[in-house]
Amino acid sequence: MKGLVYVSEATMKFDQTKLANLTLKASNKNKLLKITGYLYYEKNRFIQYIEGDDLSIDALFENIKKDQRHNVINVISQEINKRRFPAWQMNQLKKEDFVRTKMEHLITDLLLLKRNKTVDKENEWDRMAWEMIDRMAKLRTMVYKYPFA
Ligand SMILES: Cc1cc2nc3c(=O)[nH]c(=O)nc-3n(C[C@H](O)[C@H](O)[C@H](O)COP(=O)(O)O)c2cc1C
């Protein structure tokens, strides 16, 4: 199996209706091909993550690349043996979702939950929080050392 993520620039304006239509069509087709992932759009840019069988992903991405509604800027892919989003045929993530899932908010929620409730697997929660802080530090220092936009 393969996971692939790309960034593209829209060649036309996408409003919520257009995005919802695109996502609905995509998810119907992805269901047949057993492809899962998500799509996010902001400020004229798409970021999409797709995962599935190598052949299905290659074929779909060829299709997506040819789509005149956007120009793919860059793409990365990797071999995977487990899906990250097994339940998402194609989930349109919205800006509001992302604001609520900022790394800092996730960590805050994690720590608040841990304080208010007795959680089993307490060590795992701590480990997850530290993992996020680690990744965030690496990513942010990299991105802001080499800003591209
Ligand atoms: C940003 C973007 C993301 C897309 N994602 C998918 C997708 O996940 N699955 C899909 O089937 N089509 C997706 N499409 C649409 C394809 O480019 C193409 O129009 C669609 O697969 C229909 O192909 P067909 O004419 O061969 O049926 C996407 C298009 C755009 C612009």
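A salt bridge is a side-chain nitrogen of Lys or Arg within 4 Å of a carboxyl oxygen of Asp or Glu, and lysine 65 forms one with glutamate 62, the closest N and O atoms being 3.3 Å apart. The model shown in these views is predicted, so that local features need pLDDT of at least 70 and side-chain atom pairs count only at pLDDT 80 or more, while totals for chains, interfaces and linings use all residues. Residues are numbered from 1 along each chain as its sequence is written, and side-chain values use heavy atoms, with hydrogens and water left out.

**View 1. A salt bridge within helix 2, between lysine 65 and glutamate 62.** Both residues lie in helix 2, three residues apart, which is about one turn of the helix; here helices (H or I, at least four residues) and strands (E, at least two) are DSSP runs, numbered from the N terminus. Lysine 65 is partly exposed, with a relative accessible area of 41%, and glutamate 62 is partly exposed with a relative accessible area of 41%, where buried means under 20%, exposed over 50% and partly exposed in between (1.4 Å probe, protein chains only).

**View 2. Salt bridges that join parts lying apart in sequence.** The structure holds eight salt bridges, and in one of them the side chains of lysine 2 and aspartate 58 meet at 2.6 Å, N to O. Because lysine 2 lies in strand 1 and aspartate 58 in helix 2, this pair ties together parts that are 56 residues apart in sequence. Lysine 2 counts as buried at 19% relative accessibility, whereas aspartate 58 is partly exposed at 34%. The side chains of arginine 45 and glutamate 9 also meet in a salt bridge (3.4 Å, N to O); arginine 45 lies in strand 3 and glutamate 9 in strand 1, so the pair ties together parts that are 36 residues apart in sequence.

**View 3. The largest nonpolar core and leucine 4.** A nonpolar core is a set of buried Ala, Val, Leu, Ile, Met, Phe, Trp, Tyr and Cys residues joined through side-chain atoms within 4.5 Å. The largest one here has 17 residues, and those with the most contacts inside it are Leu4, Phe14, Tyr41, Phe46 and Ile50. Strand 1 (2-10), helix 1 (16-33), strand 2 (36-42), strand 3 (45-52) and helix 2 (54-66) each supply at least two residues of this core, with the largest share, four residues, coming from helix 2. Leaving aside neighbours within four places in sequence, leucine 4 is in contact (heavy atoms within 4.5 Å) with residues including Ile50, Ile57, Phe61 and Val75.

**View 4. Serine 8 and its polar partner, histidine 70.** Serine 8 has its place in strand 1 and, at 0% relative accessibility, counts as buried. The side chain of serine 8 makes a polar contact with the side chain of histidine 70 (2.8 Å); a polar contact is a pair of N or O atoms within 3.5 Å, and within protein one must be able to donate a hydrogen and the other to accept it, while residues adjacent in sequence count only if both atoms are side-chain atoms.

**View 5. Polar side chains beside the ligand.** A polar side-chain atom of asparagine 30 lies 2.8 Å from a nitrogen atom of the ligand, and an N or O atom in the side chain of aspartate 67 is 2.7 Å from an oxygen atom of the ligand.
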